[in-house]
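Me: Please zoom in on one part of this structure and tell me what it touches, then work outward from there. Keep it informal, but spell out the cut-offs.

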Amino acid sequence: MTPITLQLKWKHQFQFAGYYAAIQQGYYRDAGLNVTLKEAGIGQGPIQSVLSGQAQFGVGTSEVLLNFYENSPIVVLAVIMQHSPLALAALSDSGIENIHQLASHPIMMEPNSLELMAYLKAEGVKLDKLQLQDHRHRIDELIDGQVGSMSVYTTDEPFDFKQKDLDVQLFRPVMSGIDFYGDNLFTTKKMVEASPKIVADFLQASLKGWQYAMQHPDEIIDLILSQYSTRKSRAHLEYEAERMRQLMMPDLVEIGYMNPGRWQHIAHTYHQLGILPKKFDVEGMLYEPVDLDYEHLKQQLYYAVAILVLISLLAAIVYRQFHRTNVRRQQFEDLFQNAPVSLIEIDQQGLIHHWNREAENTFQYSAKEAIQRNVYDLLLPKPQNPSIPDIIQRTLAEKVLTFSENENIRKDGQRILCKWSNMPFETGHKHHKHLICMAQDITQQKEMQTQLYRAAHYDGLTGLPNRTLILEQLKHTLDTAIADQNYMAILFIDLNDFKIINDTHGHPVGDVVLKHIAERLQCSIGEHDQVGRLSGDEFLIIIPPSATPPDLKPIMTAIHTNLKPSLQVEDLTLTLSASIGCSVFPEDANDMQHLIAVADQAMYREKLRKRTV
């Protein structure tokens, strides 16, 4: 069992329910991990704990962005709360009715509450005029009037206000359009690079624990009270669980989901506070899961390349020895015949004079069958590539070593791809020039390279371009539109209620749905449009540049129409639909991240509208 420490951002409570569930249900144990949860205290930050090596993983706020900007090797793995619980609370009978009145009284605020500072600034409050006091985590100072307001978690302190029968007014940043993520799970870049499997297993087990916790809150509350902490009452933990459900929205958004465009928006908010540059890119901070099958395939290719390099070195030695000993051919015969690479001696007309054992293995012709036959007729497919004889003649005329890569045919008719090296040598007769041709069958190597490219750039389930490739295509398309001063657009597509399908019928059924969705999206787009899978049930469509603003209604109508027919999966009949958001360059945004963010936000508004209809 690999020992792992997870640094919490506060003391034990329902805020960390998913990690308790992952331990109790054995999800960490099944992954070979022995996980210890470490409480935080006042003034003790999870970032420092993880960066110093006291813990391998941590639970932090959106302010990890600032640490990342300061070159801390932070990698955010997942977001637990889609909306931040941070708010400012004031007693209703204090006379404070708006944010400006709140700013004129002492405020007890936790350190690192930049989200609240951004909220105050967005409302026009002068930050240098604030009367800030250190947070002492007691509501009595608010009740006694020592401060006019205090920072609170909407999942926590409002319960205490309610128990004391106090009417409290909450001022939340979202009221000014500032919508940060809540708790996020993070680690270090070193951990991701050195132990990719441990990181992937820990993340998967943690998210599985969160899914269990949100489905069985009463069971997890019992667990907290019996094994972790009695600091809060059962009623308090039940209140916390319900408020967390509202912020996590597990029935609408997959637990752990995070959007790069949303992170970019948070970075822009920090820029408005003057603590981040305007063009700060969050790329590199967000976790990209490592495809272990892809890494294994890449390792195999490295081994294959290393072997080919060794063979090439050996062949060079063979060439050198052959040149030195061509006048003593009989002595050299054993070396030539037993070389671990295909060696063929031909003359100026391509007539074969020698054919070693490895050539027999590669091309399946015995030496008896090959010698005195023309190498072009024997090995080149019809019609012949005219460049091959030209390469041979240049080798002889210029007395240089030449290389080529071409298709050949074996005796059984199968086509293989070979890499050829051709070296001229003197036979001892003035007008008789021969060549030693070395052949390497690189068919498997090329196939492996093709597999590697496809594994790195295409989604294994749907066959669509994956996140990496579709974003590369978007960047290229946007660059073209900018250069030509044209318009272009994107569509951000998210399936409705896909999580319910997965949870109710299982992931195999969900996979079938995603395959059919991919096919229907491909049928909905134009000849030059591009569609790719971003992640989960999210897809992106790129509309190519045009001189006039694109009309997106026909393609959006086509998508809704093609998704409408029900899907039959074994004995299940499923109804499919999607929410679509769009953005147009340059009307909505001038760069890729903001283009995606605008489309994502439009999609999210459409999803909320459908849920309220």
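Reply:
**The close-up**

Leaving aside residues up to four places away in sequence, Leu574 touches Ile501, His505, Val509, Val513, Ser566, Leu567 and Val569; contact here means heavy atoms within 4.5 Å. Before going on, the ground rules: this is a predicted model, where local features need pLDDT of at least 70 and side-chain atom pairs count only at pLDDT 80 or more, while totals for chains, interfaces and linings use all residues. Numbering starts from 1 along each chain as its sequence is written, and side-chain values use heavy atoms, with hydrogens and water left out.

Leu574 sits in strand β20 (residues 572-574). Helices (H or I, at least four residues) and strands (E, at least two) are DSSP runs, numbered from the N terminus. With 8% relative accessibility, Leu574 is buried; that label means under 20% relative accessible area, against over 50% for exposed and anything in between for partly exposed (1.4 Å probe, protein chains only). Not everything in this stretch of chain is a neighbour: Gln530 is 44 residues away along the chain, and its C-alpha is 26 Å from that of Leu574.

Next up is Asn502, which belongs to helix α22 (residues 498-505). Asn502 counts as buried because its relative accessibility is 13%. Its contacts, again skipping residues up to four places away in sequence, are His507 and Gly510.

Now the helix pair. α23 (residues 507-524) and α24 (residues 553-563) pack with their axes 9 Å apart, at an angle of about 145°. Axes are lines fitted to C-alpha atoms, for helices over the stretch in contact, and angles run from 0 to 180 degrees between N-to-C directions. The crossing is right-handed, meaning that the near helix is turned clockwise from the far one by less than a right angle (anticlockwise would be left-handed). On the α23 side you'll find Ile517, Arg520, Leu521, Cys523 and Ser524, and they meet Ile555, Ala558, Ile559, Asn562 and Leu563 of α24. Sorted by class, this contact has seven nonpolar, two polar and one charged residues. For that count, Ala, Val, Leu, Ile, Met, Phe, Trp, Tyr, Cys and Pro are nonpolar, Asp, Glu, Lys and Arg are charged, and the others, including Gly, are polar.

α24 also leads to a sheet. Four strands make up an open sheet, ordered β17-β18-β16-β21, with antiparallel pairing; two strands pair if DSSP finds at least two bridges between them. β17 (530-535) and β21 (578-585) are the edges, each pairing on one side only. From one strand to the next, the twist averages 20°. β16 (residues 487-495) runs antiparallel to β21, with eight bridges joining them, and Ile493 stands opposite Ile580 of β21. α24 packs on this sheet and touches β16, β18 (538-546) and β21, its direction making about 165° with that of β21.

For contrast, try Lys475 in helix α21 (residues 467-484). Lys475 is partly exposed, since its relative accessible area is 47%.

Further back along the chain there's another open sheet, this one of five strands in the order β12-β11-β15-β14-β13, again paired antiparallel. Here the edge strands are β12 (352-355) and β13 (402-409), each pairing on one side only. Ignoring direction, neighbouring strands of this sheet are turned by 30° against each other on average. Nine bridges tie β14 (residues 415-426) to the antiparallel β15 (residues 433-441), and Ser421 has Met438 as its bridge partner in β15. Helix α19 (residues 387-398) packs on the sheet and touches β11 (342-347), β13, β14 and β15, with a direction about 20° from that of β14.

One last stop is strand β8 (residues 149-153), where five of the five residues are buried, so the rest of the structure largely encloses it. In a regular strand, side chains alternate between the two faces of the sheet. In β8 both faces are covered: Ser149, Ser151 and Tyr153 are buried on one side, as are Met150 and Val152 on the other. β5 (residues 86-91) pairs with β8 in the antiparallel sense over four bridges, and Ala89 is partnered with Met150. β6 (residues 107-109) runs parallel to β8, with two bridges, and there Ile107 stands opposite Ser149.
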